[in-house]
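Here are some short exercises to work through with the model open beside you. Try each task first, then read the solution.

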Amino acid sequence: MAYSFADGSRFLLGTVLGSSVNITAASNANPTVLTATNTFTAGDEILVSSGWDDLTDTVYKPSAFSGSSITLGGSSPIDTTDTNFYPTGSGTGTAQKVTTWVEIGQVLNINSSGGDPKFVNIEPLARRNAIQVPVGFNPQSIQLDIGYDPTLAGYQALVAAARTLQKRAFKFVLSGGQTGYGYGYIAVSEMPKLAKGSPNTVSASIALLGKFVGYQ
């Protein structure tokens with residue numbers, strides 16, 4: 001059991017990706033193993049694009065690289081044993097290393113929204129009580145309130161991605177050492193919020209395309 005706190009956390013934006021490597025196979029296992037030309041080394045963080053919708057558009061920190069095998073294990077193992085969600089033979093795609101991270105400085109507050117379960121209401125005529133069936137999850141996004149300073153490299157990287165509708169990797173490092181990853185579209189409100197007695201701030205959002213994955 002361990003508790004973590006936002007105090008002392010760091011936030012980073014992935015601005016450069018390495019060459020795309022073909023994933024030629026993906027196992028139905030726990031943890032799943034990807035087969036690819038192994039150009040990666042221990043500690044690499046990789047963006048995976050896969051034919052499996054529940055695996056794609058997500059940044060992972062693999063637990064092992066061996067030969068042509070990439071194991072998505074560790075403290076958050078990726079279980080792809082359910083062939084209803086991960087059809088056999090359909091997990092091929094590409095992998096890219098996130099080669100450059102730029103720190104997003106002066107983050108004053110962080111919030112997340114969405115990601116909650118989504119249900120469909122069903123009302124059979126023979127039942128007086130309607131029932132709810134889970135069908136997935138709502139879209140998820142992360143919002144940052146940032147102290148306004150247009151000279152900061154992190155702010156400039158956010159604005160550049162937002163203006164060109166680019167997708168970016170995102171990482172936070174909690175003070176206890178835990179890391180979390182996301183990948184999605186960036187949006188920045190470039191007009192600062194001004195209030196007497198308070199620091200000037202801007203808001204930035206990351207709309208996640210894939211899953212958020214956290215590691216200890």
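The exercises below go from the whole chain to its pockets and then to a surface patch.

This is a predicted model, in which local features need pLDDT of at least 70, side-chain atom pairs count only at pLDDT 80 or more, and totals for chains, interfaces and linings use all residues. Residues are numbered from 1 along each chain as its sequence is written, and side-chain values use heavy atoms, with hydrogens and water left out.

**Exercise 1. Describe the protein chain as a whole.**

Step 1: Begin with secondary structure, where helices (H or I, at least four residues) and strands (E, at least two) are DSSP runs numbered from the N terminus. The protein chain has one helix and 16 strands.

Step 2: Look at the extent. The C-alpha trace spans about 60 × 55 × 40 Å along its principal axes.

Step 3: Turn to burial (under 20% relative accessible area, with exposed over 50% and partly exposed in between; 1.4 Å probe, protein chains only). Among the 216 residues, 36% count as buried.

**Exercise 2. Characterise the largest pocket.**

Step 1: Settle the term. On a 1 Å grid over the protein atoms alone, a pocket is an open set of points where a 1.4 Å probe fits, with protein on both sides within 12 Å along at least five of seven lines; lining residues have an atom within 4 Å of a point.

Step 2: Find the volume, the space filled by probe spheres set on the points, which are joined across faces, edges and corners. For the largest pocket this comes to about 440 Å³.

Step 3: Inspect the lining. There are 16 lining residues, and D54, F137, N138, G210 and K211 lie nearest the centre. Strand β11 (residues 131-137) gives the largest share, three residues.

Step 4: Sort by class (Ala, Val, Leu, Ile, Met, Phe, Trp, Tyr, Cys and Pro nonpolar; Asp, Glu, Lys and Arg charged; the others, Gly among them, polar). The lining holds seven nonpolar, five polar and four charged residues.

**Exercise 3. Do likewise for the second largest pocket.**

Step 1: The second largest pocket holds about 190 Å³ of space.

Step 2: Its lining includes A6, F11, N111, Q140 and F172. β9 (107-114) and β12 (140-147) each supply at least two lining residues, and β9 has the largest share, with three.

Step 3: By class, the lining has eight nonpolar, four polar and no charged residues.

**Exercise 4. Where does V120 sit, and how accessible is V120?**

Step 1: V120 lies in strand β10.

Step 2: V120 counts as partly exposed because its relative accessibility is 39%.
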